[in-house]
Every structure is written in C-alpha cells, then in structure tokens.
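Subject: Structure for your review

Dear colleague,

Please find below the structure that I am handing over to you. I would be grateful if you could read the notes beneath it with the structure open beside them.

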Amino acid sequence: MKVLSVVGARPQFVKLGPIATALAAFPDVEHVIVHTGQHYDAAMSDVFFRDLGIPAPDINLGVGSASHGVQTGAMLSALDAVLDEHQPDWTLVYGDTNSTIAAALAAAKLHLPVAHLEAGLRSFNRAMPEEHNRVLTDHAADLLLAPTATAMTHLATEGLADRAVLVGDVMADVCFQVRDRVAGAQPDLPPDVNPDAPYVIATIHRAENTDDSLRLERIVTALREVPVPVVLLAHPRLVARATAFGLELTGGSLHAVGPMGYPHMVRAVMGAAGVVTDSGGLQKEAYLLQTPCTTTRTETEWVETLEHGWNVLDPDLDHISRLAARPRPSDEQSRPFGDGHAAEQVADILRARTA
Ligand code: UD1
C-alpha cells in the first residue's frame, strides 16, 4: 500500500508524527510525505519534524504565504503532477487548513482515494476559513476518520455516516507519549518567569482575534492584567499584526516569546496554572494535560473540553484576567479523545480498505 500524506501547517506536523510511526511498522506500506510549504519558518515547521522523529518530507511544494485563494490555488496546481507520479492508494489529508482542502480536491479530481484525518469537526461559524476547509474536505473524501463521537454525529447529520469511522484522536496519542517523555524536564520559560510559581501559557493567532486592532488590544490588555506571569508564544501572524497596529506584546504580566516546539509546549502546559488560547489543538492539549483553559472564541469544535469547566469560552474577553489561572476542576475527566492508540487504528483501516 502506498499512502501519500499532505501536510503544510504546524498542527498537521503534530498529527503526522504518530501516523508516520504507525505506518512505518508495516514493511508493505510505502509512506510518501508532501509538505506544501504553507508554514516555512524553522520554528513553525522543521523543529516539529525533528522533535517528533518524522522523516523529512519527500517533496516540498514551497508555496509560502499568500491570500487564501492564491495559496490554495498554488498548492492545487502543484499537487497534480505529484499525485500523478505517485498514484497513491490513499491520499491522507489532516485537519482543516488550506493544505487540507487543496490536497483533498486535487486527489478527488484525479479519482484517487482520499482519507480525511480529524473528519467531522464543526464550529458552525462560517466566518472561519477552517470551517469551509473542513466541510468541503469531508464531502470530497472517501474515508472519514473521526476523532470523537461528536464528530461522528456531525458526519451522520450531513449524510456522510457510511464513509465515517471513529478512530479516536491522534493528538491524544502524541500528547500522552510526549508528556511521559518530558515529565522530568524543567519548563523552558523566559528567565524572569519562575517555573515553580504559577504562570499562564497563552497563544493567539486566529484572524478573528489578530486582524481587528481593537479586539487584539483588548486581549493584550487583559493578558497584562492576569495576576500571575503570562508567557505568550507569539505566532508570526500575531507579531506581524501587532507591529502593524503599533501594539507592544509585553508589559504588566505579559512576556512574549517565539513559538515553542512541541515537547517544550507540552512541558510548559503541564506546569502551567492555566492556558489562554484561540487554538483548537492547544485547547485539547490543555484538557489532556489537565490544565484549565480559557478560549477567546465564541465557539469550540472540541466541545468535550467544556466538560466540568476544564475549558471556558470567553468570546467577549471580559473574564480573561479572572479565569486565566483559576483552580483545576475536581471532577474526573472522561476519555472523549480515545486511548492514545488512534494512529494504529488509522493504519489498520487504511490497509484493510486498500483494494
Ligand atoms: C494556519 C491555518 C490554521 C492553523 C494555523 C496553525 C489555514 C486557513 N489556517 O493559519 O487553521 O490553526 O495555520 O498555525 O490554513 N507566517 C510566517 N511564517 C510561517 C507561516 C506563516 O511568517 O512559517 C506568517 C505569514 O505572514 C502569513 C501568516 O503568518 O501570512 C499566516 O500564515 P498562514 O499559513 O496563511 O495561516 P495561519 O495563520 O498560520
């Protein structure tokens, strides 16, 4: 069996990690990795391949940053030749980025089977580019690998139940593995933040939060007022917008640093009193690592994280300072994201369904 994985953005490299390991266990499986080049900075891309032991991409399309149409279109046109040459049994696409929809569409148009990992997530917010990417990818794909029971329900509602399989969440696989690996290490925080005292980890990168100057200013002001130090892991989009708006990402409790690699991020979240974020992946990592999360969005695709108040939505940004370092809920978590063996299930299903 030949599987061709297409990835391009940071959260996809994290999901590729356990999949690459699971596929490598089968000598009869050839795994080709295509990097679209959507994320190209070393801190956004290379470190994930190195830290998660992922083989270097076989092909890099080098598309880089552009408007959504230009970026997605560049990937689409470059993928034709790659798919034509490799004729994979499965084109495996991940999550909800522009790289996901481009690869799903390119393969579907060539009548090559497409499997979508992390199928069935919905925010029901049609202003988000990721929501279009998810819905369109699910409808184009032949096999829908769903991470949660909620995702299975969404797929059934859209008439896609017969293509859907519940496999669990590969991000739980990698999160648990890395948690156990880094448990003995010290969190890598800025020198003026004491890792043994309470601190908060924050990330903000979604267009809805970064591209509106007033909203971004309110978020930054709220983070400055959190009663414990806040380490802000600044995505390039956030840095670019803050610079354009003349907004400082420091002051008060706020300490801005660059993006962290995955193991450092896991270790930092494990030790944190709280997380403030608009990232889907980080909401879930906070839940899995049992750190309370405050989400600066009106909705979440990962509704399971809201259980017992592990994650709280604060769309109006009025409660960040109060919620950021709140006490952990005392209730036990259910295991909505699976048992940490989702990637093995994915490998088995792809092999079983290869003609
Ligand atoms: C993308 C995904 C988003 C995901 C996020 C994870 C889409 C529509 N969005 O958003 O779902 O949560 O990745 O990080 O696909 N930039 C750099 N260096 C890089 C990458 C980006 O400087 O390596 C800058 C560029 O100025 C670019 C901006 O960040 O214009 C946004 O990058 P882009 O990949 O378009 O979207 P993300 O905001 O990262």
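The notes that follow concern the salt bridges. Please bear in mind that this is a predicted model.

Side chains of opposite charge can pair when their charged atoms come close. In total, 18 salt bridges are present in the structure, and three of them are described here.

The first to consider joins arginine 241 and aspartate 211, with 2.9 Å from N to O. Arginine 241 belongs to helix α10 (residues 236-245), whereas aspartate 211 sits in the loop between α8 (207-210) and α9 (213-224), so this pair ties together parts that are 30 residues apart in sequence. Arginine 241 is partly exposed, at 28% relative accessible area, and aspartate 211 is also partly exposed, at 36%.

A further salt bridge links aspartate 180 with arginine 179, where the closest N and O atoms are 3.0 Å apart. Aspartate 180 is exposed because its relative accessible area is 54%, and the cut-off for exposed is over 50%. Arginine 179, at 26% relative accessibility, is partly exposed.

Is the pair of glutamate 301 and arginine 297 buried or exposed? Both residues are buried. Their closest N and O atoms are 2.9 Å apart, and they form a salt bridge. Glutamate 301 and arginine 297 also take part in a network of salt bridges, whose other members are Asp96, Glu131, Arg134, Glu208 and Glu299.

Yours sincerely,

A colleague

Definitions and conventions: Residues numbered from 1 in each chain as written. Predicted model: local features only at pLDDT ≥ 70, side-chain atom pairs only at ≥ 80, totals over all residues. Heavy atoms only, no water. Salt bridge = Lys/Arg side-chain N within 4 Å of Asp/Glu carboxyl O. Buried < 20%, exposed > 50% of the residue type's maximum accessible area, 1.4 Å probe, protein only. Helix = DSSP H or I, 4+ residues; strand = E, 2+ residues; numbered from the N terminus.
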